[in-house]
Amino acid sequence: MASSNSTSKLLTKVQQMIDKKVSKRKADLVKQFAEIIYTSVSEDEFSERTSQELYDSILSLWNFIQDFDGTSKLRIFNPTLEKNGWQSKHTIIELNHADMPFLVDSIRMELNRHGVDVHLHLHVPMSIRRGKSGILDLEQCLDEKDDLTLETPMYLEVDRILEDETLLELQADLSRILADVRATVIDWKPMGSKLADIIAELEQDPPPLRTDRIEEALDFLRWVQQNHFVFMGARTYDLKRNKKDIVLSSVKNSGLGILGNENNHKEYQLSKMPKGAQKLALSNEHLLVLTKTNTVSTVHRPSHIDYIGVKRFNKQGEVIGEHRFFGLFTSAAYNMDPHFIPVLRKKIVNVLAESQLKPGGHDYKALKNILEIYPRDELFQVPTLKLLDIAMGILHIQERRQVRAFVRRDPFGRYFSVLTFVPRDTYNTKIRLKMTNILAKTLNSNGQIEFTTHFSESNLARTHFRVPVENAEAIEYDLEQMQSELQEAALSWEDVLSENIIYHFSDNEAVNLVKKYANAFPPGYQNQQSVQSAIVDIKHIENISDEKPLGMLLYKNQESEKGNLGFKLYHRNKPMSLSDVMPMLENMGLTVIDETPYKVKSEGLGKVWIMDFSVKYDAEINVDDIRDNFQQAFAKAWENQAEKDGFNRLIMAADLNWRQVAMLRAYAKYMWQIGFTFSQNYIEQTLTQYSDIARGLVDLFEMRFDPGNDFSERKYNATKRDLIKTFANVDNLDQDKIVNKYLELIDATVRTNFYQTDAKGFDKSYISFKLQPSRISDIPKPVPMFEIFVYSPRVEGVHLRGGKVARGGLRWSDRREDFRTEVLGLVKAQQVKNSVIVPVGAKGGFVCKQLPTAAGRDAFFAEGVACYKIFIRALLDITDNIINGDIVAPQSVVRHDNDDPYLVVAADKGTATFSDIANGISVDYGHWLGDAFASGGSNGYDHKAMGITAKGAWESVKRHFREMGVDCQNEDFTVVGCGDMSGDVFGNGMLLSKHIRLQVAFNHMHIFVDPNPDSAVSYIERERLFNLPRSGWNDYNSELISKGGGIFERSAKSIDLTPEMQSMLGIKSKSLSPNELINAALKMKVDLFWNGGIGTYV
């Protein structure tokens, strides 16, 4: 009760407000009313309320109850200052009702059914004296006297309801509930009297049934009389037979309580009822019918109404009608030992006898306990033989960790009663909801399934489900299948996983895997993934290893909408970076919706990460058709054996594999090198947009070069004509140029290693094309006779030959965007420089695309060597050989040109020491030139050691200096150079005079600046670098550089200029970019410019 000091102070304030605002004639009564109301509830109700709010509530309810007809008065409203003179953030329910049982419970039940929360509920029965007119005599006192009536004013604050329609609906429903309460209470005694009359009639004139059954029925009815049943309604029915049917019709004016309305009771034709209900209605074996209705009680508690039927018989023992009572068994009826409840005690005795178990034995006692704690509602309704069957089934579980279900059909067809038993240590709400869904699906239920769960000392938790259906009698179900589904839902996730591992794997594998994956999957995985998914994941996890650290699965769930897919990645030890994976998936044409990572770990397994992506593809696809291509392409891209770009969209758009995509990508790379206008991104978009053309280009390429085909020029040209017809679908002129350029390049290609495999039988990681450039329109001049283009994710390169017999160097280029232009420039210089000696020559170059940036010089050089080896192999792959004087074509290469065995290479910038490497590959290939394939090396002359080119050029330098009056061998002179000391021409040249003052030199990585070099000191340091196996300007001892100089990275954003550098360069700028610094150095006043690349001087 509200009796704390704070509440008392609050009530005092309210009473003071009443004294101020209410007339003196009413004030005392209003204050007394306030005290009765507010001292009836807990003090917590007022903890956040103001005195003004309490005053408004009291006065509103007081005014509301001024007039009253003695039965019921109800108002639901949202008070406002304009209409009511006060306001509240809640909706207000005010009620005055003749005091009677069940009022408060029934009101609460209905509000709960509407989903309306109650924030304050004030109610207390009180005596109110009224005059004859029904108007409250304010002069009267609120005390109890014989001539006072008892009323229950109520005040409720509930969730605010804004819609007028909802307010009216709630008012109508509450009015209906209150009418049910009144009907129940008013007819309480008449219903009890009616039952007493029935008992008396059965005692005096029993029907012609078995005496023991009549006595048991009478005992039950007497037990019901003893406050074990809340009567809510009663009615008598006659069973009449006519020519067409048997009809159960209501006896007029026999209704009481909620069954009192004559208009609500129609005739029941037995033929329209389920056969079980017909049989039960006509059976003369039992006097009583005990069941539940489909109707949920609106009075007292929200349970399905209990139905007690007492059959009426004629002298011949035929059923002629029924006395029907509606109500609820009291809590005492549920808590009482069933051995003391008539009918139930008889069932228990009969079941124990029929079980044929030894009285006093373990199983007998266990069965007895099962019956005693059996769901009470079920125990009232279930037939004895069905109870025996279910109880014995429960007994046979024997506390084992099993999931069992026992099903009973309601004879009236309204529901199925399902008893389930689940290991209690695994039972939870999630499992119960799963079981509910299984029952709804199996038993075809669309209604609300009710449940009651019972826990005891048993290892099993029991849940009783009431599954409403349209007609239980017409529903067929597979109990075994349902039991299996319930077991999967109810056992722990780990238990079900273990069972599935045993089922899906061999005995030896299963023993190990059960142990390895016990408790390996985290709770998040178990909540979101099925056991079947786990089995699939285990198979993929078991396939990954140190050699194969990545597994994957592209899949589609049955529930997925159009285009929605799933993609899982399996990786050891740590998750893959989302910033790496997501662009790869997007490049393959997928939109990533979300990603869920799972860490799977155990002692036997270690740690494995599963990354589960939800992705979307714009078109409907058959996952089974594209899965292998997709997964292989993703793996190759992840391993850097394929590039991560928009060409990968063709995997799904054109149904291509990664190698076919790599071929199209390679041609696009070559297009860029020959100056084709359009970017790779635009080419990717074009082929994706016209994926059928992309597929056609691949088919044409395969027809031309697949060694498994018998090439036919006629068929090839016919296929090409058909493909060209599809080009008419390309609307955009630029895109038309792109697809036609592809066609032109395929036609210009005469050889490829595309179909060759490595020693292990796998596709090679690189592709080489031999082309006839003269067949390619708009190709930059001079146009070589043959050209080999080499492509891989790791290296790209080109080899240009002016004739069938041509030799030239291969350089390690740093010009990734235009290395062919660089090589073509060398070809031009070679034509000018060597045209007298060698009419046609050859030049080549390659770029490394994955050079390490932070692993140091050794790693950098090692990658360069590896790329050089790939480049050499790619050249030899498609070059003819000579064996015993015969031309031998390379394996798996279709040739569309004449015999062409001559391929000789030489060193150039960056490859001065690589000749032995090239010759070693030549020997491995069995090439006819053997170690003469690459000039120089240990078995030939060493360009760098001999210094022929540099010495020849230096003679010219001396001659020019001499003509200028300078003795460069005895007098100091200044030099700017292009190259470094590791190079043949540059290195040798910069050691041919001890009077060289090298001020600036640059290679592809560094800029060397020495504003005032000491010729003697710097000569010794240059000589040291020259003699190293390999070196760069960053190896130069910076302490030997003159003041203001240094060694600078060409990748730097800018280079700050010292005063010495400004003076040397003759400029005032304080900083320059690396290229600007080189430009300034080339313009500075200096005696000699030494170009180490081709032995040129200025």
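**A friendly note on this predicted model**

1. Let's begin with charged pairs: the structure holds 53 salt bridges. Please keep in mind as you read that this is a predicted model. A few of these pairs are picked out below, after a look at the whole chain.

2. Start with the overall build. The chain contains 37 helices and 37 strands. Its C-alpha trace spans about 150 × 80 × 65 Å along the principal axes. The radius of gyration is 49 Å, whereas a compact globule of 1098 residues would have one near 31 Å.

3. Next, the domains. Domain 1 covers 3–162, domain 2 covers 185–335 and domain 3 covers 336–399. Further along the chain come domain 4 (642–752), domain 5 (753–935) and domain 6 (948–1097). If you want a distance to try for yourself, the centres of domain 2 and domain 4 are 86 Å apart, taken over C-alpha atoms.

4. How much of the chain is buried? Of its 1098 residues, 51% count as buried. Contacts tell you about the fold as well: among those with a separation of 6 or more, 66% are between residues 24 or more positions apart.

5. Now for the salt bridges themselves. Asp67 and Lys73 meet through their side chains at 2.7 Å, N to O. Asp67 is partly exposed, because its relative accessible area is 40%. Lys73 is also given as partly exposed, at 21% relative accessibility.

6. A second pair is Lys441 and Glu485, whose side chains form a salt bridge of 3.1 Å, N to O. This pair links distant parts of the chain, with Lys441 in helix 15 (residues 429–442) and Glu485 in helix 16 (residues 479–490), 44 residues apart. Are the partners buried or exposed? Lys441 is exposed, with a relative accessible area of 59%, while Glu485 is buried at 19%.

7. A third pair joins Asp645 and Arg665, again by a salt bridge, at 2.7 Å, N to O. These residues are 20 apart and link distant parts of the chain: Asp645 sits in the loop between helix 22 (623–638) and helix 23 (650–653), and Arg665 in helix 24 (residues 658–673). Asp645 is buried, with a relative accessible area of 9%, and Arg665 is buried at 1% relative accessibility.

8. Salt bridges can also join up into a network. Arg751, Lys770, Arg801, Asp880, Arg895, Asp897, Asp899 and Asp900 are linked in this way.

9. Lys311 deserves a visit of its own. This residue lies in strand 11 (residues 304–313). Lys311 is buried yet has no salt bridge, and the nearest side chain of opposite charge, Glu322, is 6.9 Å away. Which backbone oxygen lies 2.7 Å from a polar atom of the Lys311 side chain? That of Ser283. Leaving aside neighbours within four places in sequence, the contacts of Lys311 include Leu280, Ala281, His286, Val319 and Gly321.

10. Last stop: Pro780, in the loop between strand 22 (767–771) and strand 23 (786–791). Pro780 counts as partly exposed, because its relative accessibility is 29%. Apart from its neighbours within four places in sequence, Pro780 is in contact with Ile674, Arg820 and Leu824. Pro780 and Asn1075 are 295 residues apart in sequence and 26 Å apart in space, C-alpha to C-alpha.

Terms used:
Residues numbered from 1 in each chain as written. Predicted model: local features only at pLDDT ≥ 70, side-chain atom pairs only at ≥ 80, totals over all residues. Heavy atoms only, no water. Domains from an automatic or database assignment. Helix = DSSP H or I, 4+ residues; strand = E, 2+ residues; numbered from the N terminus. Buried < 20%, exposed > 50% of the residue type's maximum accessible area, 1.4 Å probe, protein only. Lys, Arg positive; Asp, Glu negative; His and termini not counted. Salt bridge = Lys/Arg side-chain N within 4 Å of Asp/Glu carboxyl O. Polar contact = N/O pair within 3.5 Å; in protein donor to acceptor, adjacent residues only side chain to side chain. Contact = heavy atoms within 4.5 Å. Rg over C-alpha atoms; globule rule 2.2 N^0.38 Å.
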